[in-house]
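User: Could you take me through one part of this structure in detail? I would like to hear about a single strand and what surrounds it.

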Amino acid sequence: MPPRAAKAINSKEEARSLAAPRAGSGEKDEPNLFTGNAATQVLDLAAATDEALAAGNVIVHGDAQRAVAAFPSSFVNTVITSPPYFGQRDYEAPGQIGREATPDAYIHKLVGIFREVRRTLRDDGTLWLNIGDKYDGGELLGLPWRVALALVEDGWRLRSDIIWHKPNAMPHSVKTRPTPDHEYVFFLSKNAKYYYDADSIREPHTTFSENSKMRGGRGHFGKRGGTPETGKNSGNSNLHDARWDQYFHPLGRNKRTVWSVALGKFRGAHFAVFPEKLIAPCIQAGSPKGGLVLDPFFGSGTTGLVALNSGRRFIGVELNRDYCDIARSRLIR
Ligand SMILES: C[S@@+](CC[C@H](N)C(=O)[O-])C[C@H]1O[C@@H](n2cnc3c(N)ncnc32)[C@H](O)[C@@H]1O
């Protein structure tokens, strides 16, 4: 463990005010009511006290493995992150992930980092992992699934393989196979029981609504504002849970696993930014209001931005000092 420096947060009141929910919904690509968090600070690992981490809204400058290994246990609600993809980009920092000699070395390194990440999670904590693939000599390496299965082997529980469909994906010159326009977001949990707020991210019903003229439409509701139980099929055993959820739940149907989200506008000086709309559902379903979200590969701080916009707190870890500063300036606006 590195030495701990003087407290960065001076009082419980200060910690509480840092933890206070921010305005905004997190649904917009560009912040709407976002007021920033002027207290967001970039700390070296030695200055990242347990109190500062627990208060949240800090960017820790350092290597993900070393930093997260020095964090306390069982205090984070959910982790949302996109590690560097294998053999893709140079993030101009010694010790960066993604420059390993082989895919196996890359996977091994990630599994080690996410083992420490799992320790920092509360018992009901979860991980949302966005990861892209790589072609080598025209052959797809299948890295996202290889990483996901290696994580399961290491003790994680895999809950969902979400397909991030990119409607505005870059065109490709390739003519010997389809042009890729998706990536994965794996949803994993630390334990068998975990926090997941399905109602917060429901999506519109596609088949039946109160206004529907189709069989199964308004008649099912009895009268406007009614429910299927009060409609013509009241008492029908067919209205079991799944059917209710599928067609009639007043907040919409349960979120599906294909998420179509366009690449966002923010580029800044960082070139691998994930869209705010991609991770807003992860934050909403993965943590309660006021909860703590960790991103060990913080980049330009998108996870922090959406966390603040959604009334959560964040901890980011980033190896490249320039990116820490970019993220901070994005978060204090
Ligand atoms: C794909 S980018 C993350 C982008 C981020 N999601 C965003 O929206 O801006 C991966 C980031 O991981 C950082 N990184 C690479 N190796 C690292 C390491 N060993 N520890 C911490 N951060 C690292 C890179 O500098 C880069 O900013």
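Analyst: Happy to; here is a walk around strand β8 and the core. This is a predicted model, in which local features need pLDDT of at least 70, side-chain atom pairs count only at pLDDT 80 or more, and totals for chains, interfaces and linings use all residues. Residues are numbered from 1 along each chain as its sequence is written.

Strand β8 covers residues 182–189, and seven of its eight residues are buried, so the strand is largely enclosed by the rest of the structure. (Buried means 20 or more other C-beta atoms within 10 Å of a residue's own, exposed 12 or fewer, partly exposed in between, with C-beta atoms placed from the backbone; strands are DSSP runs of E of at least two residues and helices runs of H or I of at least four, numbered from the N terminus.)

Strand β7 (residues 157–165) pairs with β8 in the antiparallel sense over eight bridges, and W164 has E183 as its bridge partner there. Pairing requires at least two DSSP bridges between two strands. Strand β4 (residues 121–131) also runs antiparallel to β8, joined by six bridges; here L127 is partnered with L188.

L127 and W128 are among the residues with the most contacts inside the largest nonpolar core, which has 62 residues. Such a core is a set of buried Ala, Val, Leu, Ile, Met, Phe, Trp, Tyr and Cys residues joined through C-beta atoms within 7 Å. Helix α8 (residues 276–286) gives the most to this core, with six residues. Leaving out residues up to four places away in sequence, W128 touches V185 and F187, as well as C282 and G286, among others; contact means C-beta atoms, placed from the backbone, within 7 Å.

Definitions and conventions
Two residues are in contact if their C-beta atoms, placed from the backbone, lie within 7 Å.
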